[in-house]
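I opened the model to look up surface, fold and core. My entries follow in the order I made them.

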Amino acid sequence: MKKIINLTPHDVNIVKNNGDVITFSASGTVARCTQTTTQIGCVNGIPLTQTSFGVVVDLPQPQKDTIFIVSRLVLNACKDVRDDLIVPNDLVRDDQGNIIGCKSFAIN
């Protein structure tokens, strides 16, 4: 069995078909891509910006029998160099449209 570490800023809930929920608590470490935002103009007096994403920070080195839950942005940034990253997939929403969990994990 693999260890799963959540590197997102919030708990991740897996909602099983029978209604049971498995929660992966936030670990306290958040893997992120650095970002730079530049103003490139204005629309009706509102700034128009462009954001570019750079290197991934706070992503631990691979560990034996360990999988890391990360954001889709981090997964995409590491797709050619890491095979131990997963993201929440098949989102589950409540009656108000708020995300309460997901049904699966995705690798790409």
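I took accessible areas from the Shrake-Rupley method with a 1.4 Å probe; for residues, only the protein chains shown count as cover. On that basis I noted an accessible surface of about 7400 Å² for the chain, with 49% of it belonging to carbon and sulfur atoms.

I noted that the model is predicted: local features need pLDDT of at least 70, side-chain atom pairs count only at pLDDT 80 or more, and totals for chains, interfaces and linings use all residues. Residues are numbered from 1 along each chain as its sequence is written, and side-chain values use heavy atoms, leaving out hydrogens and water.

Next I looked up the fold. I found one helix and eight strands, where helices (H or I, at least four residues) and strands (E, at least two) are DSSP runs numbered from the N terminus. The order from the N terminus is β-β-β-β-β-β-α-β-β.

Then I turned to burial, where buried means under 20% relative accessible area, exposed over 50% and partly exposed in between (1.4 Å probe, protein chains only). Buried residues are 26% of the 108 in the chain.

I looked up the largest nonpolar core (buried Ala, Val, Leu, Ile, Met, Phe, Trp, Tyr and Cys residues joined through side-chain atoms within 4.5 Å). This core has 13 residues, and Leu59 and Phe68 are among those with the most contacts inside it. Helix 1 (72–77) and strand 7 (85–93) each give it two or more residues. A second, separate core of seven residues includes Phe24 and Ile86.

Last, I checked Asp20, which sits in the loop between strand 2 (12–15) and strand 3 (21–24). Asp20 is partly exposed, at 43% relative accessible area.
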